[in-house]
2 protein chains.
Amino acid sequence: MDVRTATREELLKLHEDLQAQYNECCSKNLKLDMSRGKPGADQLDLSQGILTVISTNEDAVYEGLDLRNYGGLDGIPACKALFAEMLHVKPENVLIGGNASLTMMYDNIMRLWVFGDCAGNKPWSQQGKIKFLCPVPGYDRHFAICEQLGIEMINVPMNADGPDMDMVEKLVGEDASVKGIWCVPKYSNPTGAVYSDEVVRRFAALKHAAPDFKIMWDNAYCVHHLTDDKIEIPNIIELAAQYGNEDMVFEFASTSKVTFPGAGVACLVTSVNNMKWIKNLLKVQAIGPDKINQARHVKFFGNAAGVAAHMEKHKAILAPKFQMVLSMLEENLGGTGCGEWLSPKGGYFISFDAYPGCAKRIYELAKQAGVVLTGAGATYPYGKDPEDRNLRIAPSYPPVEELKAAMEVFCVCAKLAAVEKKLAE
Amino acid sequence: MDVRTATREELLKLHEDLQAQYNECCSKNLKLDMSRGKPGADQLDLSQGILTVISTNEDAVYEGLDLRNYGGLDGIPACKALFAEMLHVKPENVLIGGNASLTMMYDNIMRLWVFGDCAGNKPWSQQGKIKFLCPVPGYDRHFAICEQLGIEMINVPMNADGPDMDMVEKLVGEDASVKGIWCVPKYSNPTGAVYSDEVVRRFAALKHAAPDFKIMWDNAYCVHHLTDDKIEIPNIIELAAQYGNEDMVFEFASTSKVTFPGAGVACLVTSVNNMKWIKNLLKVQAIGPDKINQARHVKFFGNAAGVAAHMEKHKAILAPKFQMVLSMLEENLGGTGCGEWLSPKGGYFISFDAYPGCAKRIYELAKQAGVVLTGAGATYPYGKDPEDRNLRIAPSYPPVEELKAAMEVFCVCAKLAAVEKKLAE
């Protein structure tokens, strides 16, 4: 039955059935968490070997460098080389960080905020109201950085091939208070969209009214394929340089969802100019990130092919979870008008667009039934989803059986909320 | 011979002898580094066991928490408890960081600079010219943070029992633009001075004209004894609370010189109020520091007694190096008027006051003879030692034989510079 075309009688009957199903869900006293894109324990188990690849005093001196001692502001050469190979960039463009690309992004925004950019433009904090473009739905932790600093966020619609570039070009080209944009170019959080070659090219070629306009290119899912169609996107660092925009882009990646979320290695990729600017400021903030952990990664993987082989193992665990979620959505909600979703080829999420005005209600219903979802609205700046539609489903963390139980609840909640809404209209 | 009382003829003869000795030093083509307080490789070897205490998937789930996954903004409970015991504070006052207390200090200053303090006072960046007090000689990395932000630094003389508290009380009490002070209260960098109980009490009781005045209490050498006289200082966190100054103090410590400088664990200790303020801002910057490395430390040490026992092993390596440096200084420079120094009971440095106006010259002479010292002036804000006297000797890194060779050079340079100066006066 399609709720959009059902009669009031049909809806009332359906509501009764769904309410009964929902009550049954609640009676199970579930306690399930689909709120964050956390790898499951079985995925983490894949990297057990990394814990012991550096295990003796001899291991701790690597390529002539004592990993244990101070030093190495920008990372050890072998770790830069590994990320460079993964991201198809040059090692000289790579800065290694600690365990979180989020912190590298935050600190980078903070440098621009407090000190100004590499060309000597004024600090963002001294330029009055400034703005960031935010493709939506997007990643809540990106938005939180802007919100903390009072940077105004402007929603830009995400299409299947990336953000609406006509809108991006117009805003960036005409408004000098637009200082940046957040991008997750590959297997985007949460839609799974991959930026097309043309979208990447248009980003690299952006004409920017603000001389200090910056692209925050969060390539979080660069090697995180869910199918054998391993999509590659153009190298924006190289492309931007071709268009004379070399200092415009900061790219980020990490091994958080490759080895361990809490103990991986992050990196920042940017022009040599930006690198000098960063290191000159960073040397006051830090002596150097954990070199032992960098070497663990290098020895565990060997090279980018080693990373790719490891990601196949993640895929073997994750792909069936995604398939199950997608088939349950199709089975329970297909043709009902209670929601729409995309089938991602990589990344960590399934983006679900509920019947308009229902996302918050679904979140609440699921919560009361013991299933924690990412908060409704979280995928939009300020937590404000204008249509109250989008929910981010994170299938990775729960074991398959729990995920199945959680998705049963989710589907009942999605239908119940839609019918309630429809009846109230 | 004492250069201060020698005749010109005596000095000329001495100069000739010293020049010959110096030339001989140069002819050895030494390449020695005493520039930073880096532990030696033999010290790092002491912690080999920490590399493998977490080595299996089972190990990685600790007290019910999966160390590998996301989470734990303020650190794992067991690591907070370990630092709390070491520092005689409560776990609720401890925030765990990454591998560097320097970064925790920098980020803390940056929070005050950009967002203002926990009481809602305006960000320091919006208060015009602000000032920090800097006990001198002191730690160059502290000064670099102030310099980067344009915070004016005011020198405060260090005495054997801590900073000149009359001056501190006057400046802090009367000038509302004085927003903070850098302290290394125990085995101070570089003089080795330990703040007396009375000095700590006066700090805790400070009346501050600025409502947002903060003490940066860098307890870097809290367990780093060089003798059996294991000095303890009062707990400033508790004392400050007694004086109604609980939100005034941020204390820092780390295991950088306990386990590995590049892969240790750092912590910040402060009031519960400040902790809330920090976490509210920090949650946007970070998801959580490396929990596996925290658990490595907890399992390796067990408790504070385990840390203390481990520090005995460091002492066994370090104390003879310090003794050698001190005896060579005494033997070569005692009674010559070419320098003065203190004999520290802990920490990593020997502070050397050269014949006035000679520190830079000694640095240059040593460098040309292949011995790299910490830059002359580094122990003063802006690198400006008003009397050009202070040099920081860091005996820890070179093996004993190299240290001996380096100190021979150092003593010749100290005498040569003094005689040159004296002859030119």
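How much area is buried between chain A and chain B, and what part of it do carbon and sulfur atoms give? The area is about 4,500 Å², and carbon and sulfur atoms give 56% of it. The model is a predicted one, and the values that follow are computed from it. On the side of chain A, the residues that lose the most area to chain B are A:Leu51, A:Arg68 and A:Tyr70, which together account for 16% of what that side buries.

The relation between the chains comes next. Two copies of a chain are related by a rotation about an axis and a shift along it. Here a turn of 180° with a shift of 0.0 Å along the axis lays chain A on chain B, and the RMSD is 0.0 Å. That is the relation of a two-fold axis. Within chain A, the C-alpha nearest the axis belongs to A:Thr52, at 3.1 Å from it.

The contact draws 53 residues from chain A and 53 residues from chain B. Of the interface residues of chain A, 100% are also interface residues in chain B, so the copies meet through the same surface. Between chain A and chain B there are two salt bridges. A salt bridge joins the side chains of A:Asp45 and B:Arg68, with an N to O distance of 2.8 Å. Polar contacts across the interface of chain A and chain B come to 20 residue pairs, with both residues at pLDDT 80 or more.

Which helices of chain A each supply at least two residues of the side that touches chain B? They are α2 (41-45), α4 (101-115), α5 (140-149), α9 (272-285) and α10 (291-301). The largest share of that side, eight residues, comes from α4(A). By residue class, the side of chain A that touches chain B divides into 25 nonpolar, 16 polar and 12 charged residues.

The next features concern side-chain pairs within chain A. Over all chains, the structure holds 50 salt bridges. In one of them, A:Glu312 pairs with A:Lys230, and the closest N and O atoms are 2.6 Å apart. Because A:Glu312 lies in helix α11 (residues 304-333) of chain A and A:Lys230 in the loop between β9 and α8, this salt bridge ties together parts that are 82 residues apart in sequence.

Aromatic pairs number 20 over all chains. For A:Tyr221 and A:Tyr348, the ring centres are 6.2 Å apart and the planes lie at 25°, so the pair is stacked. The stacked class requires planes under 30 degrees apart. This pair also links distant parts of the chain, its members being 127 residues apart. A:Tyr221 sits in the loop between β9 (214-218) and α8 (236-242) of chain A, and A:Tyr348 in the loop between β12 (339-341) and β13 (350-354) of chain A.

The backbone has some features to check as well. Most residues other than glycine have a negative phi, and most peptide bonds are trans. The peptide bond from A:Asn189 to A:Pro190 is cis, with omega near 5°. A:Pro190 is in the loop between β8 (178-183) and α7 (197-204) of chain A. In chain B, the bond from B:Asn189 to B:Pro190 is likewise cis, with omega near 5°, and B:Pro190 lies in the loop between β8 (178-183) and α7 (197-204) of that chain. A:His88, although not a glycine, has a positive phi of about 60°; A:His88 belongs to the loop between α3 (77-87) and β4 (94-96) of chain A.

Definitions and conventions
Residues numbered from 1 in each chain as written. Chains lettered and ligands numbered in written order. Predicted model: local features only at pLDDT ≥ 70, side-chain atom pairs only at ≥ 80, totals over all residues. Heavy atoms only, no water. Least-squares fit on C-alpha atoms with pLDDT ≥ 70 in both. Contact = heavy atoms within 4.5 Å. Buried area = accessible area lost by both parts, 1.4 Å probe. Salt bridge = Lys/Arg side-chain N within 4 Å of Asp/Glu carboxyl O. Polar contact = N/O pair within 3.5 Å; in protein donor to acceptor, adjacent residues only side chain to side chain. Helix = DSSP H or I, 4+ residues; strand = E, 2+ residues; numbered from the N terminus. Nonpolar A, V, L, I, M, F, W, Y, C, P; charged D, E, K, R; others polar. Phe/Tyr/Trp six-rings, centres within 6.5 Å; stacked < 30°, edge-to-face > 60°.
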